[in-house]
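These are my notebook entries on a single structure. I record what I looked up, entry by entry.

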Amino acid sequence: MMEHSTRGAISYLGPKASFTHLAAARLFGDDNLKPYTTIPECIEAVAEGAVDYAVVPVENALEGSVSLTVDYLFHDVELYVAAEITSPIEQHLLVHPDNRDADAFEAIYSHPQALAQSHKFLYYTYRSTPLEQMTSTAAAAKMVSELPERAIAAIGNEFSAKTYGLTILERNIHDFHFNHTRFFVLSRDNQKLGLPNHKGDVKTTLMISLPADDRSGALHQVLSVFAWRQLNLTKIESRPLKTGLGDYFFIVDVTEDAAARMMQGAFEELEALGCDVKSLGSYYRYEG
Ligand SMILES: O=C(O)C(=O)C[C@]1(C(=O)O)C=C[C@@H](O)C=C1
């Protein structure tokens, strides 16, 4: 059932103090933010009109794409990217203050991305401790705060430690220093969110399916469309089309506005080549 639109509300992968919450609050302030438990729920909220924007993670510098987000945008909804925000990610090991002196943990809980980003630390320090997946780092922190009788730990950010009254047992446990995550701000409208602090340049995200005839050189032809027009790609990645092994679509990020003349030419040529192009629109970048 369609919920009533709350004008100006923004869904994010919650609960409070997730990395997605921090990214959403940096762009929109904290007033109109609505936490949802999963990425599909956040995306459906904007698709159905319950909120005006959704903020969801899309790519991490250490772990790569958040496939759930990418696949959902390709297969399940017709939405646009209104903005991109890139945030530094620092993972800490968090415990309930009652368990700060625990010798060992029953389990360590976090979002799969956070567990993966801290893989080496966990391997060398807590090799025999079970790792349990949660819907977000903040959900893990919240749960640890509610179960002081269990010797369990969470991986999450400093704000979640403060929010849920946890002790930081070990700081910066992510395996590589340069840890950043990109978040998409999604909208039903093909529009750019132009806040004063944007970085100036515009990006466009395209999802391209190659012609069905499976001819050799098709990907080369697609790349040539961009290359000779000097359209710079910041990302190309394949994802399964889910129609059989060997069937892919390509996510391509271009540092140009979809309205630019060269891009219009690129769209026409891609169509002439027999490609299906789903444009997620053009957007400004933000950092913070
Ligand atoms: O778990 C969170 O706190 C989130 O906001 C999700 C998420 C992700 O899916 O990548 C966001 C940033 C970090 O990379 C780790 C987890």
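**Entry 1. The loop before α1**

Does alanine 17 count as buried or exposed? I looked this up in the model, which is a predicted one. Alanine 17 has 25 C-beta neighbours inside 10 Å, and the threshold for a buried residue is 20 or more, so alanine 17 counts as buried. I located alanine 17 in the loop between β1 and α1. Its phi is near 80°, which is a positive value in a residue other than glycine. I note as background that most residues other than glycine have a negative phi, and that most peptide bonds are trans.

The loop between β1 (10-13) and α1 also holds proline 15. I checked the peptide bond that joins glycine 14 and proline 15 and found it to be cis, with omega about 0°.

**Entry 2. Helix α1**

I next asked which residues of α1 are buried. They are Phe19, Thr20, His21, Leu22, Ala23, Ala24, Leu27 and Phe28. Since eight of the 10 residues of α1 are buried, the helix is largely enclosed by the rest of the structure. After α1 comes glycine 29, and I read its phi as positive, near 75°.

I then took leucine 27, a residue of helix α1, by itself. I found 21 other C-beta atoms within 10 Å of leucine 27, and therefore it is buried. Setting aside residues up to four places away in sequence, I listed its contacts as Ala83, Ile85, Val185, Leu195 and Tyr286. For a long-range distance I chose leucine 166, which is 139 residues from leucine 27 in sequence; C-alpha to C-alpha, the two are 26 Å apart in space.

**Entry 3. The ligand shell**

Which residues come nearest to the ligand? Of the 15 residues around the ligand, I found these to be Ser18, Phe19, Thr20, His111 and Ser136. The elements that contribute two or more residues to the shell are α1 (19-28), β3 (53-60), α4 (112-117) and α6 (137-146). I sorted the shell by residue class: seven residues are nonpolar, eight are polar and none is charged. Phe19 and Thr20 appear here among the nearest residues, and I had already entered both as buried in α1.

**Entry 4. Helices α2 and α3**

I record the general convention that two packed helices are described by the angle between their axes and the distance between the axes. For helix α2 (residues 39-47) and helix α3 (residues 67-75), I found that the axes come within 10 Å and cross at roughly 35°. The crossing of α2 past α3 is right-handed. On the α2 side the contact is made by Ile39, Pro40 and Ile43, and on the α3 side by Leu68, Thr69 and Tyr72. In this contact I counted five nonpolar residues, one polar and no charged.

I then asked which residues of α3 are buried, and entered Thr69, Val70, Tyr72 and Leu73. They lie on the same side of α3 because they cover an arc of only 165° around the axis. On the other side of α3, I found Ser67 and His75 exposed. Thr69 and Tyr72 are thus buried residues of α3 that also belong to the contact with α2.

**Entry 5. Exposed positions**

Aspartate 76 is in the loop between α3 and β5 (80-88). It has 12 C-beta neighbours inside 10 Å, and so I entered aspartate 76 as exposed. Between the C-alpha atoms of aspartate 76 and arginine 150, which are 74 residues apart along the chain, I recorded a separation of 39 Å.

Glutamine 230 is in the loop between α8 (218-227) and β13 (233-240). Its phi is positive, about 55°, although glutamine 230 is not a glycine. With 8 other C-beta atoms within 10 Å, glutamine 230 is exposed.

**Entry 6. Glycine 288**

Where does glycine 288 lie? I placed it in the segment after β15 (276-287). It has 12 other C-beta atoms within 10 Å and is therefore exposed. Apart from neighbours within four places in sequence, glycine 288 is in contact with Arg26, Ile85 and Ser87. Glycine 288 and serine 87 are 201 residues apart along the chain, yet I find their C-alpha atoms separated by 5.1 Å. Ile85 is also on my list of contacts for leucine 27.

How values were computed
Residues are numbered from 1 along each chain as its sequence is written. This is a predicted model: local features need pLDDT of at least 70, side-chain atom pairs count only at pLDDT 80 or more; totals for chains, interfaces and linings use all residues. Axes are lines fitted to C-alpha atoms, for helices over the stretch in contact, and angles run from 0 to 180 degrees between N-to-C directions. Helices (H or I, at least four residues) and strands (E, at least two) are DSSP runs, numbered from the N terminus. A crossing is left-handed if the near helix is turned anticlockwise from the far one by less than a right angle, and right-handed if clockwise. Two residues are in contact if their C-beta atoms, placed from the backbone, lie within 7 Å. Ala, Val, Leu, Ile, Met, Phe, Trp, Tyr, Cys and Pro count as nonpolar, Asp, Glu, Lys and Arg as charged, and the others, Gly among them, as polar. The arc is that of the directions from the helix axis to the C-beta atoms. A residue is near a molecule or strand if its C-beta atom, placed from the backbone, lies within 6 Å of it.
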